[in-house]
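Open the model in your viewer and get ready to select a few residues at a time. Each stop on this tour tells you what to pick next and what you will find there.

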Amino acid sequence: MRRILVWFRSDLRIHDHEALATAVRKADEVIPCYCFDPRQFARTGYGFPKTGAFRTQFLVESVENLAAQIRRRGGKLLIAVGHPEEVIPRLAAEHRAEAVYAHKEATDEEVRVEDALEKQLWRQRIPIDYFWGHTLYHADDLPFPLKNLPEIFTDFRKQTERYVQVRAEFPAPEKIRVPALLPDTPVPSVNDFGLPRPVPDERAVLTFVGGETEGLERLKYYLWETDLLRHYKETRNGLLGGDFSSKLAPWLATGCVSPRRIYQEVKRYERERVKNDSTYWLVFELLWRDYFRFVARKHGNALFKAGGIRNAAVQESQLFGSETFERWRNGQTGVPFVDANMVELRQTGFMSNRGRQNVASFLVKDLKADWRAGAAWFESQLLDYDPCSNYGNWNYVAGVGNDPREDRYFNVVKQAHQYDPAGEYVKHWLPALSRIPAPHVHTPYLLPPDELAGYGVRLGEDYSRPLVRLEPRKNEQMSK
Ligand SMILES: Cc1cc2nc3c(=O)[nH]c(=O)nc-3n(C[C@H](O)[C@H](O)[C@H](O)COP(=O)(O)OP(=O)(O)OC[C@H]3O[C@@H](n4cnc5c(N)ncnc54)[C@H](O)[C@@H]3O)c2cc1C
């Protein structure tokens, strides 16, 4: 009787899951297992939880859905809380698994767990096989060795688009046979991690529910039910509502939806509906996601250091835990476009790409804070947190990453006028500013106090005084 333990990580799905598909094919019985690692729920050095309530809830829902999917196919998911490098070898021994299968991760914390696990399993004479399953392009298909990965995205994209084919999906197993005596193991709740259950905010772009079922529904909605994909390139910089971009990121980050599934669906959409710049652009964005994962593999721990993957000389900033950082984190900088985005993040776990670029640039370039504090806050709050995409993008914005342009600067006020000309987004999240006319709502601090009072706003009372008095300027370099 051959048994293989499948360790689920950020791959909480049964479609296109090479480790599961291979185990089901090779073994008589599989032992599917998910392990909540308490280190991921500890407090960071900045004083807030490493995984906040929204993301924890999404993760819990995703694991619940995975358990249901496995049950529907006759199996059972073992759920544990503990250090995977201790839990997995114990379960493997207990259930007499001959091998462990899992997907490979790319970043430091995850790789350290893999190393410790491998060591322990080796002592028990149990082999572990890793599969590559997070990206659109398989790591083995890249047309260059990882050490020669281009430092500029466009070079990566051009070479891969030319030489690499996206591999076919692994079909979801129809049946998952597990040992008869697997115990029932409950999924912990958000409260079990010392966090309050997050309170939904009706202003949120979407009600995000974790799990493969919901992720695939969202894909169906965005492509087939609403045809939103047709206009993605024109709408993707939007700020308000559920439809401007795909919102697939949280399901991609937890692995509830495979990027190859999205790709295949886009190709089918191109055949059956329309092929245009927008359909290409969704795949283009997935290539950014791929790129940051390969960058993380190439550069290892440098991604998390102040000097980033460029090993740039940076001044260690003193702003950790300072009042300035707290005001940025809580949406109280006095610059409405920044504050609205930060409030949205705190209240919902989501922020648009346009918002992220602006608040990150503002923290680093205008407040001169250490980008790592901002990245840690994003890590805590974002539903779609992914170590490669988050730290890769922060490196990029902070000028210590893959940006070919030197010293890119976002003028947040200019961006606000461009992407929120009527001030609707800012007023949505900062109702105190709702009576200020559109041209002035992005710079209330430039209005005379009397006029501002006429709109019901006194700085320092109804709305924060500005940390910096930004004005629209012309000399900014725009982003991609
Ligand atoms: C400072 C900063 C931090 C970020 N942190 C994360 C993160 O932790 N996790 C994350 O998934 N994205 C991150 N992004 C990228 C991007 O903002 C989100 O992927 C996007 O806003 C998610 O919304 P969506 O799914 O509707 O995206 P869409 O516009 O619909 O894009 C489709 C998919 O492409 C991928 N994608 C799009 N843009 C990027 C990008 N710049 N980098 C990497 N992948 C991209 C995502 O998987 C996304 O779901 C970050 C961007 C910035 C500037």
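**Stop 1: the ligand**

Select Leu248 together with the ligand: a backbone N or O atom of Leu248 lies 3.1 Å from an oxygen atom of the ligand. Keep in mind as you go that this is a predicted model.

Now add Asn390 and Asn393. An N or O atom in the side chain of Asn390 is 3.3 Å from a nitrogen atom of the ligand. For Asn393, a side-chain N or O atom is 3.0 Å from a ligand nitrogen.

Which residues are the closest to the ligand? Show Tyr232, Ser245, Ser246, Lys247 and Asn353, the closest of the 26 residues that surround the ligand.

**Stop 2: strand E4 and its partners**

Next, select strand E4, residues 99-103. Is E4 enclosed or open? Five of its five residues are buried, so E4 is largely enclosed by the rest of the structure. Turn on the side chains and look along the strand: Ala99, Tyr101 and His103 point one way, while Val100 and Ala102 point the other way. This pattern has a simple background: in a regular strand the side chains alternate between the two faces of the sheet.

Add strand E5, residues 128-131, which pairs with E4 in the parallel sense over four bridges. To find one of these bridges, pick Ala102 and its partner in E5, Tyr130. Then bring in helix H4, residues 108-123, and you have a right-handed β-α-β unit made of E4, H4 and E5.

Strand E1, residues 3-8, also runs parallel to E4 and is joined to it by four bridges. Here, try selecting Val6, whose bridge partner in E4 is Tyr101.

**Stop 3: helix H1**

Move to helix H1, residues 18-26, where Glu18, Ala19, Leu20, Ala21, Thr22 and Ala23 are buried. What do these buried residues pack against? Display E1, strand E2 (29-36), E4 and E5 to see their packing partners.

**Stop 4: helix H9**

Select helix H9, residues 259-272, and check its length from end to end. Its 14 residues should span 20 Å at 1.5 Å a residue, and the end C-alpha atoms are 20 Å apart, which agrees.

At the start of H9, zoom in on Ser258: one of its side-chain oxygens reaches to within 3.0 Å of the backbone nitrogen of Arg260. Then color the buried residues of H9, among them Ile262, Tyr263, Val266 and Tyr269. The cover over the buried residues of H9 includes helix H6 (212-225), helix H8 (249-253) and helix H10 (277-299).

**Stop 5: Gly349**

Finish at Gly349, in the loop between helix H12 (336-348) and helix H13 (353-366). Is Gly349 buried or exposed? Its relative accessibility is 0%, so Gly349 counts as buried. Show its contacts as well: Gly349 touches Phe54, Glu344, Gln381, Leu382 and Leu383, leaving aside residues up to four places away in sequence.

Note on methods: Residues are numbered from 1 along each chain as its sequence is written. This is a predicted model: local features need pLDDT of at least 70, side-chain atom pairs count only at pLDDT 80 or more; totals for chains, interfaces and linings use all residues. Side-chain values use heavy atoms; hydrogens and water are left out. Helices (H or I, at least four residues) and strands (E, at least two) are DSSP runs, numbered from the N terminus. Buried means under 20% relative accessible area, exposed over 50%, partly exposed in between (1.4 Å probe, protein chains only). Contact means heavy atoms within 4.5 Å. Two strands pair if DSSP finds at least two bridges between them. A crossover is right-handed if, with the strands pointing away from the viewer, the path from the first strand over the helix to the second runs clockwise. The expected span of a helix is 1.5 Å times one less than its number of residues. A polar contact is a pair of N or O atoms within 3.5 Å; within protein, one must be able to donate a hydrogen and the other to accept it, and residues adjacent in sequence count only if both atoms are side-chain atoms. A residue is near a molecule or strand if one of its heavy atoms lies within 4 Å of it.
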